[in-house]
Amino acid sequence: MQDPNTFLLIPLIQSERKRKIFTKCQENGELSGMVHSEKETTELQFKRFYCSASKIPDQLMKDIVEQCIKDSEYAENLCNNVFNNEIVTSHEIRYKFQINVLKNLISELQANNVVVPDSMFDRLGSLMGMKEGEYVERVYLTDGGDKVLAKFSEAVNQLSMGTTGLSVWQASCDLANLFRLIPSEYNRILELGSGCGVSGIAIAKMNDCCVTLTDYDDNVLNLLEENIAKNDLKSDTEDSSANNNQATVRSLNWCDFDFSEWKEPTDLIIAADVVYDTALLASLCNVLNLLLRHSKAAIVACTRRNESSIECFEHHLKMAKLEIVEKFEYENGAYTIGENSYHYASIFPFFSTLKTPTIFYNIQPKNKLVF
Ligand SMILES: C[S@@+](CC[C@H](N)C(=O)[O-])C[C@H]1O[C@@H](n2cnc3c(N)ncnc32)[C@H](O)[C@@H]1O
């Protein structure tokens, strides 16, 4: 039997109420809140992928070309609303990515005898004259798609300065998206292995709460500070009494953690893509065990790269006397829970050549279950 106070995620995904909202809004043809991403236009989907420098899915690209064929003004509007949109031009979204998308689109339009607007060639020309720096930006948009929700600098190369933490990874985007379903009552969130800070920073912005972002690599810790400043979150040095919209960076090494010195109060622990090096998993699970003494649950998002590291993680959780209260997957815009799928398109798109799901764990200390 499960303690009714156990923190659970699956009911939030399955929520009857939210499904009713979907149905109602679909009937009314309204676009609002939760359902917005389910019903967004092809152009808005395209804009989300473009701003976050995620490869445009083939079908979406085909839909865009179709629209340009059908409507002579569509390509011009796409230039105004996406390629030359201020959100795009004022950020350093990977130039190589933008050039590739524009080149592909132009060649598809030409192959279909669609007149390519001059503004599209102009934008391509100016991008080709720009020099990529060592860091690029990913921009994630609000539900409505007209404003920036959060933005992040990351290193151009996935493995840079000997760490994986200077790049954004799929699991952090999927974890941020999951938090759109989690009520904002959890005010103090601690992230382990934050990397660029996508999950923690996006959650602080969406849920108006306090996050503590941790990592152990100095370059990663500096980048976290930069990304906090970029997102206009308060730091604890500015206002130590603030309990919302605040982000703090702390060094926390799983292999050298002194719990007696740890003073950050925490409601929930989060971590994304921290299960990849099996040699680190015993230390990571030990840190989870200690931190869970004072917080409700840990939500860990893992990329299923290989079965053995996932098994090893589950083994170490057991050794640390931690319970997997829930486990489910997210892939292609849907959660899989048992036999059922629950569609919930992401506003944090991420493209990976790996084509593998994100596994979510809800982890709690064993004594949270009462029999
Ligand atoms: C694959 S990256 C994931 C980064 C980020 N969570 C994301 O998903 O985009 C793994 C992160 O774990 C951090 N990490 C690795 N070993 C660690 C340790 N012993 N203590 C703390 N953090 C560590 C790395 O610095 C890196 O930021």
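In helix α3 (42–51), the buried residues (under 20% relative accessible area with a 1.4 Å probe, protein chains only) are T42, E43, L44, F46, K47, R48, F49, Y50 and C51. That makes nine of the 10 residues of α3, so the helix is largely enclosed by the rest of the structure. Helices here are DSSP runs of H or I with at least four residues, and strands are E runs of at least two. Keep in mind that this is a predicted model, where local features need pLDDT of at least 70, side-chain atom pairs count only at pLDDT 80 or more, and totals for linings use all residues. Residues are numbered from 1 along each chain, and side-chain values use heavy atoms, without hydrogens and water.

What do the buried residues of α3 pack against? Their partners are α4, α5, α6, α7, α8 and β1, with contact meaning heavy atoms within 4.5 Å. Take α7 (residues 95–111): its axis lies 10 Å from that of α3, at an angle of about 145°. Here F46, F49 and Y50 of α3 meet F97, Q98, V101 and L102 of α7.

Now for the largest pocket, which holds about 770 Å³ of space. A pocket is an open set of points on a 1 Å grid, with protein on both sides within 12 Å along at least five of seven lines; lining residues have an atom within 4 Å of a point. The volume is the space filled by probe spheres set on the points. There are 27 lining residues, and F49, P57, N332, G333 and F350 lie nearest the centre. α3 turns up again, giving the most to this lining with three residues.

How values were computed: On a 1 Å grid over the protein atoms alone, a cavity is a set of points where a 1.4 Å probe fits but cannot get out, and a pocket is an open set with protein on both sides within 12 Å along at least five of seven lines; lining residues have an atom within 4 Å of a point. Axes are lines fitted to C-alpha atoms, for helices over the stretch in contact, and angles run from 0 to 180 degrees between N-to-C directions. Buried means under 20% relative accessible area, exposed over 50%, partly exposed in between (1.4 Å probe, protein chains only).
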